[in-house]
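Me: I would like a close look at one part of this model, starting from a single residue and going on to a helix. Please give the cut-offs as you go.

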Amino acid sequence: MTPQVAIEAHDLRRTYRTSTGTVRRRRIEIEAVRGISFSVLTGQIFGIVGPNGAGKTTTIKMLTTLLQPTSGRARVLGFDVVHDRQEVRRRIGYVVGGDRGLYDRLSGYDNLRYFAVLYGVPGGEQRRRIGSVLELVGLEKRASERVEGYSRGMRQRLHVARGLLHDPPVLFLDEPTIGVDPVGARDIRQTVAALAAAGKTVLLTTHSMIEAETLCKRIAVIAQGRVVVAGSAAAIKDSGTARAVTEILAGDVSEATLQRLRGLPGVLAVSTEVRDLTLMIRVQSTVSADLTPAILKQLNGARILNLSSRQPTLEDAYIELVSDLGRVEPN
């Protein structure tokens, strides 16, 4: 049996009109999304990753009927997001990361009862539906407590429960683990995996490459409003040119030394970040051969705390892909 397409986007574009200048203001157009196309099969978890301002949230808002595309078209379960807006809304849930959208002075259960009424869940079904979604997100034992006492992870799981109250076949999650501690993030990922196992179609945006690789059957990397590459995590990793990564934890290293590392044969890129008053140097190379001796020779005299080599990860490939297009500013 051929898998059905649950979500499809064809050349989606969104342009904002704004103004700039203080004395002589002039109108300008900003292209937030510049021709995005992809499809998601029924029961699949599909991830969208990209830097801030890449167009992730704008894309998801068009797919959930909150923004109208400037051009292009999109369908959810066969319904057009512009012409069949109400039909789309009946079949989707939309969950946004963050603390907003809940009533702190109400219990988790009463929050869901309130939203069940708004979503038109029949009165006779409300108790069963609320109990079902609370169990799914693991909050059934804390449902009688006020939300003001919930952790951020618990709040996020309650957001997911709210988005599932009307039993939508398609769920959109916009950065569901943003600001959540590792334990809470793990619980949310387990919940999302359980949704897919139950037959739900999930589209999520995330900044976490671990989350994308763990959950998503397919991933689209977008930057500057365009799809850079789409496919499985393994295929995206293979699309990068890096074949090995060497990480060095060191003391002070001069810029001249870093430049010499960049000039070594086979070195693709050298990046640095400060971690606990020490310097993490990441050397990406286009060859599988061990460059450790050559790297150590250039670092002669530096205080080396640790050195290790590994295969490129999804994060390495992602950084390489979006770095090639330059930095983008938030829309």
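Me: Where is the place of P312?

Reply: P312 lies in the loop between β14 (304-310) and α11 (314-323); helices (H or I, at least four residues) and strands (E, at least two) are DSSP runs numbered from the N terminus. The model is predicted, so local features need pLDDT of at least 70 and side-chain atom pairs pLDDT 80 or more, while totals for chains, interfaces and linings use all residues. Residues are numbered from 1 along each chain as its sequence is written, and side-chain values use heavy atoms, without hydrogens and water.

Not counting residues up to four places away in sequence, P312 touches K237, A242, R243, A244 and V245 (contact: heavy atoms within 4.5 Å). S37 is 275 residues from P312 along the chain, and the two C-alpha atoms are separated by 27 Å.

Helix α6 covers residues 182-197. Its 16 residues reach 22 Å from the first C-alpha to the last, close to the 22 Å expected (1.5 Å times one less than the number of residues). At the start of α6, the backbone nitrogen of V183 has a side-chain oxygen of D181 within 3.0 Å. Just after the helix, G199 has a positive phi of about 100 degrees.

The buried residues of α6 are G184, A185, D187, I188, T191, V192, L195 and A196 (buried: under 20% relative accessible area, 1.4 Å probe, protein chains only). Their cover includes the strands β3 (45-49), β7 (170-174) and β8 (201-206). The helices α4 (123-137), α5 (152-163) and α7 (209-215) also belong to that cover.

One residue of β8 is T205. T205 counts as buried because its relative accessibility is 0%. Beyond its neighbours within four places in sequence, T205 contacts I48, K56, I60, L173, D174, E175 and P176.

V192 of α6 is also among the residues with the most contacts inside the largest nonpolar core, which has 47 residues (a core: buried Ala, Val, Leu, Ile, Met, Phe, Trp, Tyr and Cys joined through side-chain atoms within 4.5 Å). I45, L112, L158, I219 and I236 are listed with V192 in that role. Leaving aside neighbours within four places in sequence, L158 is in contact with L102, G108, N111, L112, L134, L139, V147 and Y150. A second, separate core has 26 residues, including I7, I36, I60 and I222. I60 of this second core is one of the residues that T205 contacts.

Conventions. Buried means under 20% relative accessible area, exposed over 50%, partly exposed in between (1.4 Å probe, protein chains only). A polar contact is a pair of N or O atoms within 3.5 Å; within protein, one must be able to donate a hydrogen and the other to accept it, and residues adjacent in sequence count only if both atoms are side-chain atoms.
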